[in-house]
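Visitor: I have this protein up on my screen and would like to understand the terms people use for it. Could you walk me through them?

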Amino acid sequence: MKRERLDFLADNPFYTKRFAYYVGRRCRAATVKDIAKELRLDWHTVKELDKQYMKAQLAKAGKPRPRVIGIDEISIRKGHTYRIVVSDLEKARPIWFGGQDRSEQSLTQFFNELGKAKSAKIRLAVMDMWKPFRNATEACAPQTAILYDKFHVLRHLGEALDQVRKSEYGRLSGKDRRFIKGQKYTLLSRRDNLDLKGRQALKTLLRVNKRLNTAYLLKESFGQLWSYEREGWARRFFENWKTALKWQRLRPYEKFAEMIERHWQGVAAYSRPENKVSLGFVEGLNNKIRVIQRRAYGLRDEDYLRLKILSSMLPEL
């Protein structure tokens, strides 16, 4: 007896590969439930066809050989349950999803799966200021330069500004509070991103409260740090920024400056020309993952989520 393989069939022999790819393309923009209802198929059948499509996408993309990586964690469910996502920033696509948490041991799994030869070719790693990520990278890829993600740094600065806002709200009383109440996101937003009403509220708030005015101006000016092309210039700017904090009684900002001082090498690494990479990709990927999670609400298949994330930036077949 002889069995011939029919390449045009999907893994599920009741359907052709072309139909499986059609289902996979539709599932990129809609839920499995909606596609099952549209095509009058079982929910599990649609899911399996979608998984075959995503595996074919990953096979066509080939094995990753990253030189610049972005490392971040995502929460997959309530209760501080995290997984790590590693991206190839030069090819703008996620290449690894795994681990049991956001520990050093979990990130080490990525480097072990990548292999020593490929790990030795990584020249830059972009991450937040989470010590286990730095330790794992330095241990498994010691030649790699570490760069702290601009958006995570600015998030810490935004938290410092919000602490100043809360302290001012607690210090004042009566009618003086009305300018501060409900203005959290107005202060955290860039002036250019506010509508007319928001700009007017911000202008009024900064006019009547000197401390918040100083804190807001310091927050807005700090972004200039990433525009320098030499570390010496960046350092001079940071020293001037710290000097501006004197006598301002902005303790949250002083703590932020101390944190930047401790992690200076990872912040200043962006001033080197070879490290000018797109820092917005990791943040944009996180937003895309949140959309995937909302679309797959209630889905407990972690392997399916892994395939969704790893294929999210790949072209259609």
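Visitor: How many cavities of 30 Å³ or more does a search of the whole structure find?

Guide: Happy to help! Please keep in mind that this is a predicted model. The search turns up 2 cavities of 30 Å³ or more.

Visitor: What is the space in the largest cavity, and which residues line this cavity?

Guide: The space comes to about 40 Å³. Around it you will find Leu 225, Trp 226, Tyr 228, Ala 234, Val 267, Ala 268, Tyr 270 and Ser 271.

Visitor: How do you know which classes that lining has?

Guide: Sort the residues by class. Ala, Val, Leu, Trp and Tyr count as nonpolar, whereas Ser falls among the polar ones. The result is 7 nonpolar residues, 1 polar and no charged ones.

Visitor: What lines the second largest cavity?

Guide: Gly 70, Ile 71, Asp 72, Val 85, Ser 87, Val 282, Leu 285 and Asn 286 do. Strand 1 (68-77), strand 2 (81-88) and helix 14 (280-295) each give two or more residues to this lining. The space inside is about 30 Å³. By class, 4 of the lining residues are nonpolar, 3 are polar and 1 is charged; since Asp counts as charged, Asp 72 belongs in that last class.

Visitor: Why is one side of strand 3 and of strand 5 left without a neighbour in the sheet?

Guide: The 5 strands form an open sheet with mixed pairing, in the order 3-2-1-4-5. Strand 3 (93-98) and strand 5 (145-148) stand at the edges with a single partner strand each, so one side of each has no neighbour there. On average, neighbouring strands are turned by 30 degrees against each other, direction ignored.

Visitor: What makes strand 4 and strand 5 a pair?

Guide: Two strands need at least two bridges to count as paired. Strand 4 (residues 124-127) and strand 5 have 4 bridges, in the parallel sense, so they qualify as a pair. Val 126 stands opposite Leu 147 in strand 5.

Visitor: Which residues lie nearest the centre of the second largest pocket?

Guide: Asp 72, Glu 73, Asp 128, His 152 and Arg 155, out of 18 lining residues. This pocket holds about 340 Å³ of space. Its lining divides into 5 nonpolar, 5 polar and 8 charged residues.

Visitor: Which element gives the most to that lining?

Guide: Helix 14 does, with 5 residues. Strand 1 and helix 7 (150-171) are also among the elements that give two or more.

Definitions and conventions:
Residues numbered from 1 in each chain as written. Predicted model: local features only at pLDDT ≥ 70, side-chain atom pairs only at ≥ 80, totals over all residues. Heavy atoms only, no water. 1 Å grid on protein atoms, 1.4 Å probe; cavity = no way out; pocket = protein on both sides within 12 Å on 5 of 7 lines; lining within 4 Å. Points joined across faces, edges and corners; volume = space filled by probe spheres on them. Axes fitted to C-alpha atoms, helices over the stretch in contact; angles between N-to-C directions.
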